[in-house]
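Okay, thanks for making time, everyone. Let me put the model up, and then I'll walk you through a few spots.

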Amino acid sequence: MVNQNETDLNVHKEIEELKMLIRDVPDFPKPGIVFKDITPLLHKPWALQKVVDFIGNRYIGAGVDIVAGIESRGFILASALAYKIGAGLAIIRKPGKLPYRTISATYTLEYGKDSIEVHEDAIREGMKVVIVDDVLATGGTMGAAIDLVEKLSGNIINIDFLLELTFLEGRKRIEERGYPVFSLIKF
Ligand code: AMP
């Protein structure tokens, strides 16, 4: 029988293996930014499966109605996760991309502002929602995604990321709003 400590060790090892598949691309998309490229991880069948299993197994029996993914890399994880846990998928997009009636939320960037949108019928009152994105940096994007789900009166049960840049402390901004944050890989 495998004891709890061994299980923890194995999980830790697997997460370290996943972490090694994240590629740093310096000065992308602009000088000074180290871009966390998740494509080497996505290229490996076992790695993509592991990520979706690690994130999704936590929701077995939780009755999640909708996984909301943020454009564009959030979509990759959100749709796989929605499939795994038997939930619907809501897509949160950049302005002007969604064809039907939308609501929008604005957030502050380093220089200027940006906004994201969702269809007004994507989430109904009281639905259990998990919001997913690839990277938690400052938390600004996720903050706006939370605004959207709150406007539609969704019941946010968790906020999930593939990876978190802990030094930017985006987690605080989300936890201050009362929502639990999960990130599989931490830098
Ligand atoms: P933020 O709003 O600062 O938390 O930034 C999060 C969004 O920007 C996510 O949708 C990420 O995909 C993207 N992002 C921010 N910083 C990085 C980074 N260093 N590497 C890859 N993506 C990033």
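Let's start at a loop: where does Glu 169 sit? Glu 169 is in the loop between β8 and α6 (170-175). And before anyone asks, yes, this is a predicted model. I picked Glu 169 since its phi is positive, near 55°, and it isn't a glycine. With a relative accessible area of 45%, Glu 169 counts as partly exposed because that value falls between 20% and 50%.

There's another one like that in the loop between β1 and β2, namely Asp 27. Phi of Asp 27 is near 60°, again positive in a residue that isn't glycine. Stay right there, since the peptide bond from Phe 28 to Pro 29 is cis, with omega near 0°. Pro 29 belongs to the loop between β1 (23-26) and β2 (34-37). Phe 28 also has a ring partner: Phe 28 and Phe 35 pair up edge-to-face, with 5.2 Å between centres and 85° between planes. The count of aromatic pairs here is one. Phe 28 is partly exposed, at 43% relative accessibility.

There's a cis peptide bond between Glu 71 and Ser 72 as well, with omega about -10°. Ser 72 is in the loop between β3 and α4 (73-85).

Now the ligand. It has 13 residues around it, and the closest are Arg 73, Asp 134, Thr 138, Gly 139 and Thr 141. As for backbone contacts, a backbone N or O atom of Gly 139 is 2.7 Å from a ligand oxygen, and a polar backbone atom of Ala 137 lies 3.0 Å from an oxygen atom of the ligand. Over at Lys 36, a backbone N or O atom is 2.9 Å from a ligand nitrogen. On its own the ligand exposes 480 Å², and the protein buries 81% of that.

Last stop, the inside. The largest nonpolar core has 28 residues, and Ile 131, Met 142, Ile 159 and Ile 174 touch the most other members. Elements giving two or more residues to this core include β3 (66-70), β7 (128-136) and β8 (155-164). The largest share, six residues, comes from α5. Apart from that core there's another one, of 26 residues, with Leu 18, Leu 41, Leu 81 and Val 130 among them. If you want one residue to click on, try Ile 131: leaving out residues up to four places away in sequence, its contacts include Ala 68, Met 142, Ile 146, Ile 159 and Asp 160.

That's my tour; over to you.

How values were computed: Residues are numbered from 1 along each chain as its sequence is written. This is a predicted model: local features need pLDDT of at least 70, side-chain atom pairs count only at pLDDT 80 or more; totals for chains, interfaces and linings use all residues. Side-chain values use heavy atoms; hydrogens and water are left out. A nonpolar core is a set of buried Ala, Val, Leu, Ile, Met, Phe, Trp, Tyr and Cys residues joined through side-chain atoms within 4.5 Å. Buried means under 20% relative accessible area, exposed over 50%, partly exposed in between (1.4 Å probe, protein chains only). Helices (H or I, at least four residues) and strands (E, at least two) are DSSP runs, numbered from the N terminus. Contact means heavy atoms within 4.5 Å. A residue is near a molecule or strand if one of its heavy atoms lies within 4 Å of it. A polar contact is a pair of N or O atoms within 3.5 Å; within protein, one must be able to donate a hydrogen and the other to accept it, and residues adjacent in sequence count only if both atoms are side-chain atoms. Accessible areas come from the Shrake-Rupley method with a 1.4 Å probe; for residues, only the protein chains shown count as cover. Rings of Phe, Tyr and Trp (its six-membered ring) pair if their centres lie within 6.5 Å; planes under 30 degrees apart count as stacked, over 60 as edge-to-face and the rest as tilted.
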